[in-house]
Amino acid sequence: MKTLFWKEWRENFKWALLAAGCVVGAMLYTLRPNPQQFDNYRNIWQSLCSPSFLLITTFGFPVVGAALGFLQILTELRRDQWAFLVHRPVTRNEIFWGKCIPGMLLYILATIVPLFLIGWWVSLPGSIPAPFNWGLVIPGVMDAVTGLTFYFAALWIGIQPGRWYGRRALPLIAACWGAVQTQDYAFHNALESSLPVLIAIFFSCEGAFVSLGKFRRMPWYGKAGNVLTLLLVLSMLWTWQGSIQQMIFPQKRYTYTEYSILKDGTLVKVTNVSTNRTSSIEKVTTLDGREIPPQDKLRYEWRDFLFGGNLNLRDYEPYHPYRSASQFFSYFENNDNGPASWYYLPKDRHFIAYDRISNQISGYMGPNGFAPENRAS
């Protein structure tokens, strides 16, 4: 097994280094602050949670995982090298671990290590004009888990007999389903949905190695993984079927009422009509029930109301998606043209300003007023 381990390490180490270099280069490219590009400068404060950065982890990590898996297994199938390998004095289970252990280490070298290196660089003062929290690496780590799922899916596809558009396509479809689940709003939902996919594909992959893809010869955990993978694929198809059905047959219209404020300061009650496709304002009435027609228009639009003037009958606790930097600090977008970028840190309960030229902290704003960086406590 040690010989197989070092064989896999030597053959694929160069590909892992190449993937790590591409990942680091792409990440650094997304983190370059460019005041001349407005959209880039507005997103740079999110650093490891910016849309461009997460685009690399969402698609790049699965590509790296699948590529490493295919490189490890497809090269063994040429010129009947697999028959030579399985006739060596080692068990097929040892062959599996001799391949997946170096494969996982190389995958970590190509994805997790660059992610934390970039996180360390961003945490250094003067890197970007924004605060940093190590919780910003969580979305990237979740995408790395997804990439590991694609790695085992690639190994399973390579060893599994059959047609590419049939049984061998199941692990890839299930891995895509797991990747979609990591985009959930809440972290615990993303974790609970993506981990079963990884576990099912892992045990199915190991079972396929032990039995050379023959379902009847698989151990019980391999069969259980196959069944669970199939159920995940059916669940995904059922979800898509529901979405397509809603597109073809829209839901019935329903109405709901909320309070808002017109631009002239009048407090009104707004009745909305909505379906799964559209939403519109049906009527606007005062608190005593008198309907107010729109001025110079056939119907009301949301720009006729004060921005942010919607009123709720009760307060809700702030809830931010785990793939957003807003869960750690808030950025004031109305200060895009100023010399400094202002943020609010809820944990510390004060504002912080970053100079946009030097990327250094300019000072803090709290209950006692403004304090420069060298005087702030």
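Which residues form one aromatic cluster? In this predicted model, the cluster is made up of Phe96, Trp97, Tyr151, Phe152, Phe202, Phe203, Phe209, Trp220 and Tyr221. Aromatic pairing is a recurring theme here, with 20 aromatic pairs in the structure. One of them joins Phe187 and Tyr322 in an edge-to-face arrangement, with 5.6 Å from centre to centre and 65° between the planes. This pair connects distant parts of the chain, 135 residues apart: Phe187 belongs to helix H9 (residues 187-211), while Tyr322 sits in the loop between strand E3 (279-286) and strand E4 (330-331). The two partners can also be described by their accessibility. Phe187 is partly exposed, at a relative accessible area of 33%, whereas Tyr322 is buried, at 4%. A ring also takes part in a charge arrangement, as the charged end of Arg32 is placed over the ring of Tyr29, 3.9 Å from the ring centre.

As for the overall fold, the secondary structure amounts to ten helices and eight strands. The protein has 377 residues, of which 41% count as buried. Contacts over long sequence separations are well represented: among those between residues at least 6 apart in sequence, 59% join residues at least 24 apart.

Several helices can be followed from end to end. Helix H3 (residues 51-74) contains 24 residues and spans 34 Å between its first and last C-alpha, close to the 34 Å expected at 1.5 Å a residue. Along H3 there is nevertheless a kink of about 30° at Gly60, shortly before the proline Pro62. Helix H9, which contributes Phe187 to the pair described above, has 25 residues and an end-to-end C-alpha reach of 36 Å, close to the expected 36 Å. Just after H9 comes Leu212, with a positive phi of about 55°. Helix H7 has 22 residues and reaches 32 Å from first C-alpha to last, again close to its expected 32 Å.

How covered is H7? Of its 22 residues, 19 are buried, and the helix is described as mostly covered. Gly147 offers a view of this helix and its surroundings. This glycine lies in H7 and is buried, with a relative accessibility of 0%. Beyond its neighbours within four places in sequence, Gly147 is in contact with Phe61, Pro62, Gly65 and Tyr107. Pro62 is also the proline that shortly follows the kink in H3. A further spatial relation is with Phe59, which is 88 residues from Gly147 in sequence but 8.6 Å away in space, C-alpha to C-alpha.

The loop between helix H6 (112-123) and helix H7 (138-159) holds Ser127. Is Ser127 buried or exposed? With a relative accessibility of 11%, Ser127 counts as buried, because the cut-off for that class is under 20%. Its side chain reaches two backbone oxygens: that of Trp121 at 2.5 Å and that of Leu124 at 3.0 Å. Apart from neighbours within four places in sequence, Ser127 is in contact with Trp121, Val122 and Asn359.

Asn359, the last of these partners, deserves a look of its own. This asparagine is located in the loop between strand E6 (350-355) and strand E7 (361-366). Its phi is positive, at about 65°, although the residue is not a glycine. At 10% relative accessibility, Asn359 falls in the buried class, as does its contact partner Ser127 at 11%.

Ser47 likewise has a positive phi without being a glycine, in this case about 45°. The residue is placed in the loop between helix H2 (38-43) and H3. Which accessibility class does Ser47 fall into? At 0% relative accessibility, Ser47 counts as buried.

A charged residue completes the account. Glu8 is part of helix H1 (residues 2-30) and is buried, with a relative accessible area of 1%. Its side chain makes a polar contact with the side chain of Lys7, at 3.3 Å.

Technical notes
Residues numbered from 1 in each chain as written. Predicted model: local features only at pLDDT ≥ 70, side-chain atom pairs only at ≥ 80, totals over all residues. Heavy atoms only, no water. Phe/Tyr/Trp six-rings, centres within 6.5 Å; stacked < 30°, edge-to-face > 60°. Helix = DSSP H or I, 4+ residues; strand = E, 2+ residues; numbered from the N terminus. Buried < 20%, exposed > 50% of the residue type's maximum accessible area, 1.4 Å probe, protein only. Lys NZ or Arg CZ within 6 Å of the ring centre and 35° of its normal. Polar contact = N/O pair within 3.5 Å; in protein donor to acceptor, adjacent residues only side chain to side chain. Contact = heavy atoms within 4.5 Å. Expected span 1.5 Å × (residues − 1). Bend = angle between axes of the 7 residues up to and from the residue.
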